[in-house]
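Here is a set of exercises to work through with the model open beside you. Try each task before you read its solution.

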Amino acid sequence: MTVLDDIIAGVREDLDARRREVPLEELREKVAAVSPARDALSALRGPASSTVEIIAEVKRASPSKGDLSDIPEPAVLAHEYEAGGAAAISVLTEARRFKGSLEDLDAVRAAVSIPLLRKDFTVDPYMIWEARAHGADLVLLIVAALSDEQLREYLELTHRLGMNAIVETHTPEEIERAAAVGARIIGVNVRNLKTLETDSTHFASLAAHLPEDAVVIAESGVEGPEDVARYAGAGAQVVLVGEALVRDQDPRESVGDFKNRGRKARTSYLESAQNEGEHAE
């Protein structure tokens with residue numbers, strides 16, 4: 001059994017318990033009463049092609065690093081992220097390995113106005129309805145954890161509820177599968193969820209396989225602004241940052257620094273691509 005398999009087994013057990021407490025019909029009623037989802041796609045695209053946006057994460061722990069931060073008040077941390085210029089906030093809701101919760105999601109939703117990602121291992125449509133009922137604007141769909149039929153079904157449901165999905169990939173084949181179901185936002189996770197090994201060069205090796213019309217997100221492996229710059233220099237439009245921010249003494253300033261360093265690197269990347277195009281003509 002891989003690490004991913006083990007995590008998903010726990011997710012299913014916890015999901016069954018929540019479903020017994022809150023039936024799907026009750027969730028549907030809650031969804032009908034919440035405010036419409038925010039436009040996360042536009043937020044992640046940013047105001048200009050040279051912009052590099054940051055998804056800042058509320059993350060207490062991880063399977064690979066253990067405890068990261070207590071985060072007694074996730075709403076306060078999320079407010080700092082928003083003030084620093086984050087385009088969206090990711091909240092871990094998986095309880096066993098990441099020590100997250102839907103209560104964290106609720107607290108952050110009440111504190112910020114920018115789009116919110118419910119980051120979990122989505123293995124059932126119930127979890128998408130659940131995310132919307134708690135105010136999420138984005139969900140995570142991990143290609144390695146889903147069949148093509150599930151990917152298509154879950155993505156369609158996400159869009160029907162007015163939300164967007166980050167479709168997470170790790171290989172050229174997974175990118176192809178994400179593109180085939182019409183993913184608008186594609187993440188490349190440089191951490192292999194089956195082994196937990198991280199290779200920050202992995203994003204650049206997959207960049208050529210990514211569709212030009214999708215918003216491209218680099219995930220994992222960020223320890224500082226130089227990592228954001230490296231991803232942006234390889235074509236990332238968005239970088240998801242967790243550990244480096246939850247351990248930071250001034251997350252507001254760091255988000256701004258990450259954006260600035262990313263913008264400079266992406267500008268160079270775009271200029272280089274333009275020059276190559278002109279030479280090819």
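**Exercise 1. The two faces of α8**

Task: In this predicted model, find which exposed residues sit on the face of α8 turned away from its buried side, and then work out where its buried residues lie.

Solution:
- Start with the outward face: Glu 173, Glu 176 and Ala 180 are the exposed residues there.
- Next, look for residues of α8, which runs from 172 to 180, with under 20% relative accessible area. Glu 174, Ile 175 and Ala 178 are the buried ones.
- Now look down the axis of α8: the buried residues fall within an arc of 105°, so they line one face of the helix.
- The general rule helps here: an α-helix has 3.6 residues a turn, so residues three or four places apart point the same way.
- Turn to the surroundings: the cover over the buried residues of α8 includes β7 (164-169), β8 (185-189) and α9 (202-206).
- Finally, step past the end of the helix: α8 is followed by Gly 182, which has a positive phi near 85°.

**Exercise 2. A second helix, α5**

Task: Say which residues of α5 are buried, which are exposed on the other side, and what the buried ones pack against.

Solution:
- Go through residues 102-111: Leu 102, Asp 104, Leu 105, Val 108 and Arg 109 are buried.
- Check their directions: these residues cover an arc of only 150° around the axis, which puts them on the same side of α5.
- On the other side of α5, the exposed residues are Glu 103 and Ala 110.
- Then list the partners of the buried residues: α1 (3-21), β1 (53-58), α4 (74-84), β4 (88-92), β5 and α6.
- Have a look at the start of the helix too: the backbone nitrogen of Glu 103 has a side-chain oxygen of Ser 101 within 3.4 Å.

**Exercise 3. Two residues in the loop between β5 and α6**

Task: Decide whether Asp 120 is buried or exposed, do likewise for Phe 121, and find what each one touches.

Solution:
- Place the residues: Asp 120 lies in the loop between β5 (116-119) and α6 (125-133), and Phe 121 is found in the loop between β5 and α6.
- Apply the cut-off, under 20% for buried. Asp 120 is buried at a relative accessible area of 4%, and Phe 121 is buried at 7%.
- Look for a polar partner of the Asp 120 side chain: one of its polar atoms lies 3.3 Å from the backbone nitrogen of Glu 94.
- Leave out residues up to four places away in sequence, and Asp 120 touches Val 11, Thr 93, Glu 94, Met 127 and Leu 140.
- With neighbours within four places set aside, the contacts of Phe 121 include Leu 4, Ile 7, Ile 8, Val 11, Phe 98, Ile 142 and Leu 193.
- Follow one of these back along the chain: Ile 7 and Phe 121 are 114 residues apart, yet their C-alpha atoms are separated by 8.1 Å.

**Exercise 4. Positive phi without glycine**

Task: Where are Ile 71 and Ser 220, and what are their phi values?

Solution:
- Ile 71 is in the loop between β3 (66-67) and α4. Its phi is near 45°, a positive value in a residue other than glycine.
- Ile 71 is buried, with a relative accessible area of 5%.
- Ser 220 is in the loop between β9 (215-219) and α10 (225-233). Its phi is positive as well, about 75°, although Ser 220 is not a glycine.
- Ser 220 counts as buried, at 16% relative accessibility.

**Exercise 5. The largest pocket**

Task: Give the volume of the largest pocket, and describe its lining by position and by class.

Solution:
- Begin with the volume, which is about 420 Å³.
- Of the 29 lining residues, those closest to the centre of the pocket are Lys 59, Asn 189, Arg 191, Ser 220 and Gly 221. Ser 220 is thus a link back to the loop between β9 and α10.
- Add the strands: β6 (138-142) and β10 (238-241) each supply at least two residues of the lining.
- Sort the lining by class to finish: 11 residues are nonpolar, 8 are polar and 10 are charged.

Definitions and conventions: Residues numbered from 1 in each chain as written. Predicted model: local features only at pLDDT ≥ 70, side-chain atom pairs only at ≥ 80, totals over all residues. Heavy atoms only, no water. Buried < 20%, exposed > 50% of the residue type's maximum accessible area, 1.4 Å probe, protein only. Helix = DSSP H or I, 4+ residues; strand = E, 2+ residues; numbered from the N terminus. Arc of directions from axis to C-beta. Contact = heavy atoms within 4.5 Å. 1 Å grid on protein atoms, 1.4 Å probe; cavity = no way out; pocket = protein on both sides within 12 Å on 5 of 7 lines; lining within 4 Å. Points joined across faces, edges and corners; volume = space filled by probe spheres on them. Nonpolar A, V, L, I, M, F, W, Y, C, P; charged D, E, K, R; others polar. Polar contact = N/O pair within 3.5 Å; in protein donor to acceptor, adjacent residues only side chain to side chain.
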